[in-house]
Amino acid sequence: MSRLEAKKPPLFISEPLTGDAVSQSLSLLSGILKSSYGPAGRLKQLHNGVGGCVCTTSQSSALLGHLSISQPVLRVLTASVRNHVSRFSDCGLFTAILCCGFIENFRSLNVAPFTVIKISKHLLSLCMDHLKSEACGCRVSVDFSSVGTLVCLVRSILTSKPACMLNKTEVDHLTSLVLKAFIFTVPYNVETNAVLGKCVIIPVKGRRVVDSTILPGLLIETPEIQLGKPLAIKRTGSNIIKIALFSVSMSGDGFNPEEGTIAVHHGVSLEVSELNQLLNVGKQLVEDEVGLVVCQKVMHPSLKQYLKENGVMAVDRAGLCLMEPLGRMTGSQPIASIHSLSPGCYGSLKDLCIESFAPKHFLHLIPEDTVICSLILCNRSETAWDELKRVCETAEHVLQLTVKEPLALLGGGCTETHLASYIRYKSSSLPASTFKDLDCSQTQYQLVAEGFCRSLESVARSLSHDSEEILTDMVYGHCWFVPSGSPCVSKWSDLVSKCGCGMNGNSEDLSWRFLQGQSGSPVIQDCPKEPSLKVADLLTLDCFAAKCSGLQVSLFCPPRLNAISSRAPSIRCAGVKIVKDGERGQEKSLDVKPLGCVLITISLNLSTTWWKTLAPSQHPAPQKELMSTTELMTIWKKSKYISDKEKREKRVARKAHLRIKPPLMAICSRSSTTLPAEMTNQKTKKLGVKVTPYFKLEEVSPLPLTGSELQVELRANDNGAGKGQQCVEGQ
Amino acid sequence: MVCCPLPMAFRDVNARRHIGLQQLSSLASTGRTFLGPMKSHKFIVDEITNQSTLICSAVRLIESLDVTRYLATALSHGNQTSMKLLQSVAAYQQERAECSGSSQINIAEIVTCCVLGLPEGYSCVSPGFVTLVSPEQATVIKHFADKPLRILLMDGDLTEQYRHLGFNRPRNVRTILEHPSPQGGNAGDVWLSRMSDILMSFEVNLVLVKGNVCKNLMERCIASRILVVGCVARDVLCAFGAATGAQAVTYLSQLNASCVGNGAWAELWEASDGRAVDLGELVPARISAGGLALLTAVLTTALPCKAQLLEDQFWTLLYRLHHALKDGKVFPGGGAVELLCLSHIQALAEQTGRPGSNKAVRELPSPWLAEYKSIVLQALASGWKQYLSVVLCNTAKASSELEASASVDHHLQKAAACGSPSAYILEEFRRGGVFRGGCDPFPNQVTDSKVCDNVAAKTEAWRRALDLVLLVLQTDAEIITGSRRNQILNSPEHFAGLSQTGSDGSWGMLELKQGRMLTLSCTSATSYKQGLASSVCSMACLGSALQAVCGHPGSCSRS
């Protein structure tokens, strides 16, 4: 049966931010995000309504991943935030709330959108320059020679998500585990190109959090292992254990044809001949003095029996997510075929033992020298475990990001209020030449700056969920919370004991004022100072890199969306256009810039299957999203078509396998506007991936990182190239 | 984003009158009837199949309920008169502890077998593996007499079609038959004779199979006097492997001499008085081997609907003992530890109520928060008190909740007056139980047996109950995802709380997962059985915690 449908013309949405539907959706989304923010955030119960499992969370990645949003503007917004989270793990809610704040505040201004963009970009550069300067009062430097600041950083992340259901002792325990895990991943001998290792999280659900522990090396779950028996493992002359790692299935069904039919004569058993081949591999392994065989998939019981009888330990169903760290830790090359076995592919281990974390049993692989470790993570309930896992991964990632840039920002709303104070001070003292450069009046600048500051302060305000009053002080520009229902007192210092981040106490008079600021004229104030010494030992800290990126991402999106209004002066204006894909009902955004190059996008949803066919070593580095065509082609050629069988297996595979990786993108030169033949052939169709050229009018967007983020959600249709061009010209 | 409910409505979800908590509360009130040794059993009737089961644990209750119909109608299914716990179950544990000689109980070495048709008095513990076999298999066993048997263990199914897990059946493979064989024997017969040939050639007498066994092969084996038993648990296979030296195989074609074990024997199981066990279709048989570390608790009952109940009770008690030995300590039971907690919480509440008097107050960000803390503590205390009252009523030590409450107050006053509440309560416990007075029918009777509670199970249950309540309390919106379009249900009436979806909050060790079915958070049978042990306590405490936090301002703070 075929279905015919008239082709719909491309749709152009002008003024995407106006209209009741958008503003209602926006305020609903921002309501959900704001109510989830911070350590006292309210939880959201996500489920499919037909009996699926329930996720109780306040994490942006989980929330945005589950919401299917139909408003194009909000889709761009959530795509930007999700891409930010995939790269920095932290500050997702911050980015999203700030972004909503910018849209809400800028929309109501009576200033031309193009001017808003220019002024807000200038304000952003003021913020970024301030954050990067030594004099910045809302950042602290991280000293890796002592754990103090690191503990604060990890603690802040662990306590920011209440659905983990942790008490004080448990937070302390996990903080030390996360730090230990991080230390394990730092190589001993640092060379010029030091690469941090990996911490693999092993789930043990239903047990107490304090039962969590960390071990160097890797653990493979082995339900069949016999406890109490000593492990007899064959070692080589140099007293190491040789390990062979198979990524190919050894279950003995390799003769299954993917297509077509195999005809065999009566009496010939394909199963038997396949098993004989497997046993030959076994013989080779025994001859090569291999002591441990690990298979990602299933091993035939006869092969396991043969290996066991010959003193070789065999472990199957290790799972995809262990393969990369296993190969890296043991130095072995995953063997992808049972027909070729080269001695160079074996790796080595120092020791093997059995670890038991009731009710699970694991084989513990201990290497000589490792940057790989296993965090056995326990929590009482499944939903709390899931939340805790995401939080621990975020903490590990944040520590790694902090190595690159040993700085942290003050949490608890203090960075936001401090930046707002700084911007208010700075915008009141700008020279007239600035306004001339920006082609705007001083009043316009002040209006936009006030909207900018209110957006920042709205993030700090989102930390309050029980109608607490929020104050800011005029000296340091920090954020202070007054508990709800407080009595009337003459002095604010009687009500507040310390600021949100814990840096300042109430000992001196800091001339507090309300952080409402919605009405009345902007307050003129001095440049906020840097606090001289901290009061509390435990500061609330945020990841520097993640927050800086969040700030940029959140501002990149809304002002440009504003520029789509009919008043957008010319094609030269930098702006994001949203084009509805008539056929699939999905949106495309196009960054319109002069000059030419072709952007190839493989859409996020569809590329995941393709991605999974690649061996981990073939994965492009996550941060490297702009690739040359040659690179893309190399990867493309290495990928293969996934059969239904493998898809079925993958469905059975653990959740972790199904994690969506960032999409690929390529920018190639103008000359190759048509795609290479290989990329549009039958294989492409089978994979369900659509690859389409897209016209873009400038090389790379001015903000290199954020530019690529928006393009993540680009969806292409069959003749996207033509449409893309039309759309630009049509303007 | 559908419907675009207004943000104000969205905020309204987080009202004090929390629907989710109310639903939890009603479920907990049912759980309370399971408290204490005198449980109110529930008779669960399946209206479709007309099968009925008697239950006495919260786990089974939740399992049997269609919670989506979230509750009142389901619970009104009658309430049979409470039945006495089987005294004999305690005796099994004693025997088990003596014969193992160690203080720890290895749960993996114990199995249960329900024998229907005998009175309950015939229940006993048998060394070895007792299972039900068909009369034909029983004939084979009779033939064995006292002969030592060669034993084979199989860890899959024993059928022609069975392949190991992860093996994909070939499709698209066509067999070409060039010369049709004149005999025309079909493929199934060939497999049967090959398999029975293998068994004969290795002189195997006994095959224990983890999965199912092909009927035709079973018949052939019976004809060749080979006993094949299917559906044998993995732990049993392991125990036989360790005792006889047999190594489990997946296919008979794998068999070599080293896989076959020696020295097993089989006999028909007899009741303690040698009474013939002729129970119709299935006959209990006992299979064992020298040094086999396996015990079977044979649970006999004349009522088929009680089989589940007996099995649950056995495992509950067994796990209690197991945990007590593992913890190395127990709580004074019969409400003693709860009374101690109650007196402690009350003391804390009073201290907090006095302004500026203690350390806890100074830890709070602002002094007037202490007021809330005191309210929360008092609410928690009233939750505990209700728990104790229910225990007293359920154990018939008080005739009404009012009387029970008065009795608790009386003890609390005495404990406070004595200066050291813990000393008072321990002394009372030593003298035969805290709440032995009141309307105890035999006030002068001195009992030697004291009631004790598990430490880890109880404290975990408290913590999980509180976690669950806090999780539900902190949730302000439900978001439906997936194929149906997204909706953010903005009215509190739609808040599903725990009962529709489970919210994945732990319930004891349980987790509600699907709208209808309730599954466990851990996949293993071990934790499932642990769940049985702790669920009652958890349900009750949940009730207490709910009482404590419902409807009080500032209750969200996790003090």
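These are my notebook entries on a few helices, loops and domains that I looked up in a predicted model.

**Helix α8 of chain A**

I began with helix α8 of chain A, residues 270–287, and checked its length: at 1.5 Å a residue its 18 residues should span 26 Å, and the end C-alpha atoms are indeed 26 Å apart, which agrees. I then listed its buried residues, which are A:L270, A:E274, A:L275, A:L278, A:V281, A:G282, A:L285 and A:V286. Viewed down the axis of α8(A), these buried residues fall within an arc of 160°, so they line one face of the helix. What do the buried residues of α8(A) pack against? In chain A I found β8 (241–246), β9 (262–265), β10 (292–295) and α9 (301–309), and from chain B there is also β7 (173–176). Just after α8(A), I noted that A:E289 takes a positive phi of about 60°.

**A:N310**

Next I looked up A:N310, which sits in the loop between α9 and β11 (313–315) of chain A. Its relative accessibility is 30%, so I entered A:N310 as partly exposed, the class that runs between 20% and 50%. Leaving aside residues up to four places away in sequence, A:N310 touches A:K234 and A:V286, and A:V286 is one of the buried residues of α8(A). I also took the separation of A:N310 from A:V178, which is 132 residues in sequence and 40 Å in space, C-alpha to C-alpha.

**Helices α5 and α12 of chain A**

I then turned to helix α5 (residues 113–132) and helix α12 (residues 414–427) of chain A, whose axes come within 11 Å and cross at roughly 120°. The crossing of α5(A) and α12(A) is right-handed. On the α5(A) side the contact is made by A:L123, A:L126, A:C127, A:H130 and A:L131, and on the α12(A) side by A:H418, A:L419, A:Y422, A:I423 and A:K426.

**Two loop residues of chain B**

In chain B I looked at B:E203, which has a positive phi of about 50° although it is not a glycine. B:E203 is placed in the loop between α7 (187–201) and β8 (206–209) of chain B, and it is exposed, with a relative accessible area of 56%. I made a similar entry for B:R225, a non-glycine residue with a positive phi of about 55°. B:R225 lies in the loop between α8 (215–223) and β9 (227–229) of chain B, and at a relative accessible area of 45% it is partly exposed.

**Domains of chain B**

Last, I recorded that chain B is divided into domain 1 (129–164 + 190–293) and domain 2 (334–354 + 372–433). Taken over C-alpha atoms, the centres of these two domains of chain B are separated by 57 Å.

Definitions and conventions:
Residues are numbered from 1 along each chain as its sequence is written. Chains are lettered from A and ligands numbered from 1 in the order in which they are written. This is a predicted model: local features need pLDDT of at least 70, side-chain atom pairs count only at pLDDT 80 or more; totals for chains, interfaces and linings use all residues. Side-chain values use heavy atoms; hydrogens and water are left out. Domain bounds come from an automatic or database domain assignment. Helices (H or I, at least four residues) and strands (E, at least two) are DSSP runs, numbered from the N terminus. The expected span of a helix is 1.5 Å times one less than its number of residues. Buried means under 20% relative accessible area, exposed over 50%, partly exposed in between (1.4 Å probe, protein chains only). The arc is that of the directions from the helix axis to the C-beta atoms. Contact means heavy atoms within 4.5 Å. Axes are lines fitted to C-alpha atoms, for helices over the stretch in contact, and angles run from 0 to 180 degrees between N-to-C directions. A crossing is left-handed if the near helix is turned anticlockwise from the far one by less than a right angle, and right-handed if clockwise.
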